[in-house]
Amino acid sequence: MNIGPVIKKLRKERNMTLVELADKSKVALATLSRMENGKMTGTIDSHMRICDAFGIPLPELYKNLYPAKKALDLQKQKPRADIFIHDKKASEEMLASKVLNKKMMPVLIKLKKGGKTREEETRTGIEKFIYVVNGKVEAGMGSDRYELGKNDSLYFESNMPHYIKNIGKSEAQIISVVCPPLN
């Protein structure tokens, strides 16, 4: 992480000298000089003080440090290789490839009449979003039950036991997005 050029650019944009930045941020002049010249990165505390002096939030300081990666994964309508069959009435299709290298995991869940996903429970910090494309389902979250129909959605922390069950008269299709992907 070479934060020096970013600090220098922000400082120059504000017509500040290194001495003025040191005075305003309460970060030592020598430290700021070393940071701008790539000799040290500084601490999170010094970064926050510099941001306060510039009048910007911390993420603004970091936003251009790493080149933006373009996430692209085109999935054409075709038989998908990653299909998981739970039983005769429940299956899941991965809607993106190499999901463990991504920040979210989109899945199409298909539940035939009476079908149900296995009860799941993830580690803390995993979130899930479900959107009912077709059908009528029951989403069980611990001891709570939620009835969802076409175009309904539910967002929740998935570290509690949960399942989805088709309670309608025809196949239900649900888009589920897990973030970050389970590994």
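Start with the whole chain as a cartoon and trace it from the N terminus: the elements run α-α-α-α-α-β-β-β-β-β-β-β-β-β. That comes to five helices and nine strands, where helices (H or I, at least four residues) and strands (E, at least two) are DSSP runs numbered from the N terminus. You're looking at a predicted model, in which local features need pLDDT of at least 70, side-chain atom pairs count only at pLDDT 80 or more, and totals for chains, interfaces and linings use all residues. Residues are numbered from 1 along each chain as its sequence is written, and side-chain values use heavy atoms, with hydrogens and water left out.

Now zoom out. The C-alpha atoms fill a box of roughly 75 × 35 × 25 Å along the principal axes. Colour by burial next: 36% of the 183 residues are buried, meaning under 20% relative accessible area with a 1.4 Å probe, protein chains only.

Next, select Arg11 and show its side chain. Arg11 sits in helix α1, residues 4-13. Is Arg11 buried or exposed? Arg11 has 7% relative accessibility, so it counts as buried.

What does the Arg11 side chain reach at 2.9 Å? Bring up Met16, and you'll find its backbone oxygen there. Then add Glu36: its side chain and that of Arg11 are joined by a polar contact of 2.6 Å (a pair of N or O atoms within 3.5 Å; within protein, one must be able to donate a hydrogen and the other to accept it, and residues adjacent in sequence count only if both atoms are side-chain atoms).

To finish, leave aside neighbours within four places in sequence and display the other residues in contact with Arg11, including Thr17, Leu18, Leu21 and Phe54; contact means heavy atoms within 4.5 Å.

Technical notes: Buried < 20%, exposed > 50% of the residue type's maximum accessible area, 1.4 Å probe, protein only.
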